[in-house]
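Here are my notes on the model you sent round. Please read them with the structure open.

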Amino acid sequence: RPATRDATVIESAGQIDEVAHVAFVDPDGRKSMMLTNAGVERIDRIRNGGRMAEIALPASSITNLSWT
């Protein structure tokens, strides 16, 4: 689910060509990230603490991720 209205923006570091990203934390502790890919389809890695996930980003897309 996307971030709620009362979510707080948190640090989101790293640079991926043609991909912009912003991360949030909701009051209940759920984290989310929105990524926009202005380029070609790609697979990138997202890290959160000691966890990592490979994310497929379609060309010219907006992707929402969430986790607890």
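The points below take the sheet, then the two pockets.

1. A caution to start. This is a predicted model. Every value below is computed from it.

2. The sheet. Four strands form an open sheet in the order β1-β2-β3-β6. The pairing is antiparallel. Its edges are β1, residues 8-10, and β6, residues 61-67. Each of these two strands pairs on one side only. From one strand to the next, the twist averages 30°.

3. The β3-β6 pairing. Strand β3 covers residues 31-37 and runs antiparallel to β6. Seven bridges join the two. Two positions help to fix the register. Met33 stands opposite Leu65 of β6. Thr36 has Ile62 of β6 as its bridge partner.

4. The two faces of β6. Ser61, Thr63, Leu65 and Trp67 make up the covered face. Ile62, Asn64 and Ser66 make up the uncovered one. Place the bridge partners on this picture: Leu65, opposite Met33, belongs to the covered face, whereas Ile62, the partner of Thr36, belongs to the uncovered face.

5. The largest pocket. Its volume is about 280 Å³. Which residues lie nearest its centre? They are Ser12, Ala13, Met33, Ile46 and Arg47, out of 17 lining residues. Met33 is also the residue that stands opposite Leu65 in β6.

6. What builds that lining. β2 (19-25), β3 and β4 (42-48) each supply at least two residues. The largest share is four residues, and it comes from β4. By class, the lining of the largest pocket has eight nonpolar, five polar and four charged residues.

7. The second largest pocket. Here the volume is about 180 Å³. The lining consists of Ile46, Arg47, Asn48, Arg51, Met52, Ala53, Ile55, Leu65, Ser66 and Trp67. Which strand gives the largest share of this lining? It is β5, with four residues. β4, β5 (51-57) and β6 each supply at least two. Six of the lining residues are nonpolar, two are polar and two are charged.

8. Where the pockets meet the strands. Ile46 and Arg47 lie nearest the centre of the largest pocket, along with others named in point 5, and both also line the second largest pocket. From β6, Leu65, Ser66 and Trp67 appear in the lining of the second largest pocket. Leu65 and Trp67 are on the covered face of β6, but Ser66 is on the uncovered face.

Notes
Residues are numbered from 1 along each chain as its sequence is written. This is a predicted model: local features need pLDDT of at least 70, side-chain atom pairs count only at pLDDT 80 or more; totals for chains, interfaces and linings use all residues. Side-chain values use heavy atoms; hydrogens and water are left out. Two strands pair if DSSP finds at least two bridges between them. Axes are lines fitted to C-alpha atoms, for helices over the stretch in contact, and angles run from 0 to 180 degrees between N-to-C directions. On a 1 Å grid over the protein atoms alone, a cavity is a set of points where a 1.4 Å probe fits but cannot get out, and a pocket is an open set with protein on both sides within 12 Å along at least five of seven lines; lining residues have an atom within 4 Å of a point. Grid points are joined across faces, edges and corners, and a volume is the space filled by probe spheres set on the points. Ala, Val, Leu, Ile, Met, Phe, Trp, Tyr, Cys and Pro count as nonpolar, Asp, Glu, Lys and Arg as charged, and the others, Gly among them, as polar. Buried means under 20% relative accessible area, exposed over 50%, partly exposed in between (1.4 Å probe, protein chains only).
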